[in-house]
Amino acid sequence: TGSTDNLGELDHNQKLSEARAFNVRDLILTDKPNATITSTKGIGPSNLLYDNHLPEGRYYCRTVKVEVGTPLDSILPGQK
């Protein structure tokens with residue numbers, strides 16, 4: 001999930017967040033082509049992670065969040 005700060009035009013930030021997310025997805029797939037990626041999206045500045053009144057907050061909003069999950073059946077074969 002890619003995100004941005006709240007500076008600039010909303011449409012530009014949305015596209016930027018999507019580009020960030022897809023670039024990270026492509027990087028992961030380059031290294032691990034068999035990886036299962038269930039979703040890739042950009043959320044623009046819709047869910048700000050940090051206070052955008054400070055430069056540091058805007059900097060930390062320019063991110064991509066990657067969530068890694070391991071299905072339980074791969075840890076405990078035969079058990080559900």
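Helices here are DSSP runs of H or I with at least four residues, numbered from the N terminus. On that basis, Tyr50 is placed in the loop between α1 and α2. The model is predicted.

The protein contains three helices and zero strands. Along the sequence, the order is α-α-α. The radius of gyration is 16 Å, whereas the globule rule gives 12 Å for 80 residues. The protein is therefore more spread out than a compact globule. Along the principal axes, the C-alpha atoms fill a box of roughly 50 × 25 × 20 Å. Of the 80 residues, 18% are buried. Among contacts with a separation of 6 or more, 61% are between residues 24 or more positions apart.

Thr4 lies in the segment before α1. Is this residue, Thr4, buried or exposed? Thr4 has a relative accessible area of 2%. Buried means under 20%, so Thr4 counts as buried. Beyond its neighbours within four places in sequence, Thr4 contacts Asn13, Leu16, Ser17 and Arg20. Gly44, Pro45 and Leu48 are also in contact with Thr4. Cys61 and Arg62 complete the list of Thr4 contacts.

Two of these contacts of Thr4, Leu16 and Arg62, are described further. Leu16 belongs to helix α1. The relative accessible area of Leu16 is 30%, so this residue is partly exposed. From Leu16 to Thr4, the C-alpha to C-alpha distance is 7.3 Å, across 12 residues in sequence. Arg62 sits in the loop between α2 and α3 (72–75). With 38% relative accessibility, Arg62 is classed as partly exposed. Residues up to four places away aside, Arg62 touches Ser3, Thr4, Asp5, Leu7 and Arg20. Arg20 is thus listed among the contacts of Arg62 and among those of Thr4. The C-alpha atoms of Arg62 and Asn13 are 9.9 Å apart, and 49 residues separate the two along the chain. Asn13 is itself one of the residues in contact with Thr4.

The aromatic residues were examined next. A pair of aromatic rings is described by the distance of the centres and the angle of the planes. How many aromatic pairs does the structure hold? There are two. In one, the ring centres of Tyr50 and Tyr60 are 5.6 Å apart and the planes meet at 50°. Planes under 30 degrees apart count as stacked and over 60 as edge-to-face, so the pair of Tyr50 and Tyr60 is tilted. This pair links distant parts of the chain, with Tyr50 in the loop between α1 (10–31) and α2 (55–61) and Tyr60 in helix α2. The two residues, Tyr50 and Tyr60, are 10 residues apart. In the other pair, Tyr59 and Tyr60 are edge-to-face, 5.1 Å centre to centre with 75° between the planes. Ring pairs join Tyr50, Tyr59 and Tyr60 into a cluster.

Accessibility was computed for each residue of the cluster. Tyr50 is partly exposed, at 44% relative accessibility. Tyr60 is likewise partly exposed at 44%. Tyr59 has a relative accessible area of 52%. Exposed means over 50%, so Tyr59 counts as exposed. Apart from neighbours within four places in sequence, Tyr50 contacts Gly57, Tyr60 and Cys61. Cys61 also appears among the contacts of Thr4. The C-alpha atoms of Tyr50 and Val24 are separated by 21 Å, with their positions 26 residues apart along the chain.

Empty space was then considered. Rolling a probe the size of a water molecule over the atoms shows where empty space is left. The largest pocket holds about 500 Å³ of space. Its lining comprises 18 residues. Which of them lie nearest the centre of the largest pocket? They are Ile37, Thr38, Ser39, Val66 and Glu67. By class, eight lining residues of this pocket are nonpolar, six are polar and four are charged.

Note on methods: Residues are numbered from 1 along each chain as its sequence is written. This is a predicted model: local features need pLDDT of at least 70, side-chain atom pairs count only at pLDDT 80 or more; totals for chains, interfaces and linings use all residues. Side-chain values use heavy atoms; hydrogens and water are left out. On a 1 Å grid over the protein atoms alone, a cavity is a set of points where a 1.4 Å probe fits but cannot get out, and a pocket is an open set with protein on both sides within 12 Å along at least five of seven lines; lining residues have an atom within 4 Å of a point. Grid points are joined across faces, edges and corners, and a volume is the space filled by probe spheres set on the points. Ala, Val, Leu, Ile, Met, Phe, Trp, Tyr, Cys and Pro count as nonpolar, Asp, Glu, Lys and Arg as charged, and the others, Gly among them, as polar. Rings of Phe, Tyr and Trp (its six-membered ring) pair if their centres lie within 6.5 Å; planes under 30 degrees apart count as stacked, over 60 as edge-to-face and the rest as tilted. Buried means under 20% relative accessible area, exposed over 50%, partly exposed in between (1.4 Å probe, protein chains only). The radius of gyration is taken over C-alpha atoms; the globule rule is 2.2 Å times the number of residues to the power 0.38. Contact means heavy atoms within 4.5 Å.
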